[in-house]
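User: Please take a close look at a single part of this model, and then go on to the parts around it. I am a first-year student, so plain wording would help.

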Amino acid sequence: MLPNHLLLEEPIRMASILEPSKPTFFPALTKIVGTLGPNSRSVEIISDCLEAGMSVARFDFSWGDTDFHQETLENLRIAIKRTKKLCAVMLDTVGPELQVVNKTQCPISLEAENVVVLTPDQDKDATPKLLPINFSGLAKAVQTGDTIFIGQYLFTGSETTSVWLEVTEVIGEDVVCLIKNSAILAGSMYTLHVPQIRIDQPTLTDLDKEVIRTWGVRNNIDFLSLSYTRHAEDVRQAREFLSKLGDMNQTQIFAKIENVEGLNHFDDILQEADGIILARGNLGIDLPPEKVFLFQKAAVHKCNMAGKPAVVTRVVDSMTDNLRPTRAEATDVANIVLDGSDAILLGAETLRGLYPVETISIVGKICAEAEKVFNQDLYFKRAVKYVGEPMTHLESIASSAVRAAIKVKASVIICFTSSGRAARLISKYRPTMPVLSVVIPRVKTNQLRWTFSGAFEARQSLIVRGLFPMLADPRHPAEATGAANESILKVALDFGKACGVIKPHDRVIVCQKVADAAVVKILELEE
């Protein structure tokens with residue numbers, strides 16, 4: 001393949017590889033979603049995670065009750081005030097997830113070449129010979145020779161924590177399996193996955209709806225991660241459900257693609273969703289290993305061209321127990337950035353991992369290094385060609401702002417926005433510098449009280465590559481012009497200077513609305 005086909009800036013000086021990385025206020029343009037759990041829920045640890053670069057906190061309801069997650073969220077809020085770092089909240093649904101239920105919570109030792117029975121009778125205790133599951137239709141869905149995987153918090157790839165079963169017989173509602181590798185299952189619940197079968201359960205379960213109605217509404221969540229999204233209709237139904245829950249109609253829905261069924265309907269799902277999460281844990285089992293990277297690259301490219309955030313999971317599994325990633329994992333993180341992903345989602349690594357802060361820090365450092373060699377010029381040409389002509393007014397302004405910023409070597413792009421759409425379009429063209437997204441509040445009323453919008457829009461940009469939001473003073477609403485805009489611009493410039501991204505004599509691109517026109521300005525700063 002010719003060098004100009006690579007999404008990599010060339011040439012790379014070998015000497016530059018040995019230069020130490022310089023710490024910056026923004027660790028990387030690529031965002032990091034951290035899952036909060038037992039090892040990452042204290043105020044101190046969450047504060048350190050925010051300082052290290054976490055911008056979205058994920059709450060996984062596959063385990064833990066609402067009281068546990070509420071306490072963690074309250075600690076997050078304290079940490080946000082302490083660090084003065086914005087952080088969005090993501091609720092991850094359980095969905096039609098198959099689970100092995102171990103009521104006694106005693107470790108279960110499974111030996112290779114032994115037989116184990118999977119039964120829907122949850123009244124029975126889990127033993128090395130019998131595993132109760134939460135799905136009564138498994139016997140109808142599988143046949144002799146099928147493969148079943150079981151592991152805690154998906155599958156780390158470690159033979160000691162995940163087990164591979166082969167179906168040998170189906171007796172009534174029970175499934176008899178041959179154990180292919182020895183493993184010890186520790187904990188109360190494990191995920192069960194059968195490659196490429198249809199699970200006849202709703203994507204948004206009754207349990208999910210109850211959690212959203214209570215915990216989600218109470219906390220005004222920014223993102224809903226819709227697990228096991230298989231069709232565009234799944235997203236439409238979830239959006240209809242959210243629309244009836246007050247401010248939850250502003251919550252963005254990220255479709256989590258976890259199996260072949262979701263892959264087959266990817267284009268339709270992308271059109272309906274606000275963003276995509278590529279759940280490589282389950283995808284890596286549903287797909288042959290050699291096909292996973294192909295889907296990742298194709299899916300991320302489609303998200304990029306649609307201007308919707310792409311989030312990739314399962315990157316540094318080994319850091320659940322180790323202080324450093326493997327060489328393959330470090331390279332994987334870099335390639336995810338070079339593919340064009342907006343964010344990286346850390347699951348077990350931060351939820352129950354021994355080194356949550358160090359994991360976020362090192363992933364951020366790898367992302368920052370990869371961003372330095374991202375071939376923005378080639379990417380920009382591809383994006384412009386894909387959009388075609390004539391461009392919409394806003395798309396034209398966004399692409400022009402990025403091109404101008406590259407040409408004049410601007411240190412930052414400042415974008416005034418009320419809905420966040422203009423800033424997201426700028427990010428679509430992958431500028432090499434940070435974008436300060438200045439969210440201008442809008443005044444709205446329900447005829448009983450006046451409120452200001454903007455907080456949702458600011459936090460929701462925290463998952464988009466390169467966007468760093470700040471909420472403008474509500475005394476300068478979106479309709480303000482002239483002196484008010486100049487005042488907001490000064491605040492944005494001062495913020496950039498305080499962060500260290502704007503220095504004397506730097507050039508800055510400003511994208512804002514003046515009267516009925518959207519304009520791009522180039523500012524050259526003085527002392």
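Analyst: Two strands are said to pair if DSSP finds at least two bridges between them. With that term in place, we can begin with strand E18, in what is a predicted model.

E18 covers residues 412-417, and because six of its six residues are buried, the strand is largely enclosed by the rest of the structure. Buried here stands for a relative accessible area under 20%. In a regular strand the side chains alternate between the two faces of the sheet. In E18, one side carries Val-412, Ile-414 and Phe-416, the other carries Ile-413, Cys-415 and Thr-417, and both faces are covered. The partner of E18 is strand E19 (residues 435-439), and five bridges join the two in the parallel sense. Within this pair, Thr-417 is placed opposite Val-439 of E19. To get from E18 to E19 the chain passes through helix H16 (residues 421-428), in a right-handed β-α-β crossover.

Strand E17 (residues 343-346) can be read in a similar manner. Ala-343 and Leu-345 are buried on one side of E17, and Ile-344 and Leu-346 are buried on the other, so to speak of its faces is to say that both are covered. E17 runs parallel to strand E1 (residues 31-35), to which four bridges join it. Ile-32 has Ile-344 of E17 as its bridge partner. E17 also pairs with strand E16 (residues 310-313), again in the parallel sense, over three bridges. There, Val-311 is matched with Ala-343 of E17. The route from E16 to E17 goes through helix H11, and this β-α-β crossover is right-handed.

H11 spans residues 327-339 and contains Val-337. Val-337 counts as buried because its relative accessibility is 1%. Its contacts, leaving aside neighbours within four places in sequence, are Thr-30, Cys-367, Ala-370, Glu-371, Phe-374 and Arg-465. For one of these, Cys-367, the separation is 30 residues in sequence, while the C-alpha to C-alpha distance from Val-337 is 6.3 Å.

Next come the nonpolar cores. The largest has 65 residues, and Met-54, Phe-59, Leu-76, Ile-212, Trp-215, Phe-266 and Ile-276 have the most contacts inside it. Helix H13 (residues 356-372) contributes the most to this core, namely seven residues. Another core lies apart from it, with 39 residues, including Ala-88, Ile-397, Leu-462 and Val-464. Phe-59, one of the residues with the most contacts inside the largest core, touches Leu-36, His-69, Thr-72, Leu-73, Leu-76, Val-89, Met-90, Leu-91, Asp-92 and Trp-215, not counting residues up to four places away in sequence.

Trp-215 leads to helix H5, where it is buried along with Asp-208, Val-211, Ile-212, Gly-216 and Asn-219. An α-helix has 3.6 residues a turn, so residues three or four places apart point the same way. The buried residues of H5 pack against strands E2 (54-60), E3 (88-92) and E13 (223-226), and against helices H3 (66-83) and H6 (232-243). H5 itself covers residues 206-219, 14 residues in total, and its first and last C-alpha are 19 Å apart, close to the expected 20 Å. A kink of about 35 degrees is centred on Ile-212.

Three places in the loops have backbone angles worth a look. Most residues other than glycine have a negative phi, and most peptide bonds are trans. Asn-220, in the loop between H5 and E13, has a positive phi near 45 degrees. Its relative accessible area is 30%, and Asn-220 is therefore partly exposed. Lys-84, in the loop between H3 and E3, is not a glycine either and has a positive phi of about 60 degrees. Lys-84 counts as exposed because its relative accessibility is 73%. The third place is the peptide bond from Glu-389 to Pro-390, which is cis, with omega near -5 degrees. Pro-390 sits in the loop between helix H14 (376-387) and helix H15 (393-407).

Finally, the chain as a whole. Its secondary structure comes to 18 helices and 24 strands. Of its 527 residues, 54% are buried. Among contacts between residues at least 6 apart in sequence, 70% join residues at least 24 apart.

Note on methods:
Residues numbered from 1 in each chain as written. Predicted model: local features only at pLDDT ≥ 70, side-chain atom pairs only at ≥ 80, totals over all residues. Heavy atoms only, no water. Expected span 1.5 Å × (residues − 1). Bend = angle between axes of the 7 residues up to and from the residue. Buried < 20%, exposed > 50% of the residue type's maximum accessible area, 1.4 Å probe, protein only. Contact = heavy atoms within 4.5 Å. Right-handed = clockwise from strand over helix to strand, strands pointing away. Core = buried A, V, L, I, M, F, W, Y, C linked by side-chain atoms within 4.5 Å.
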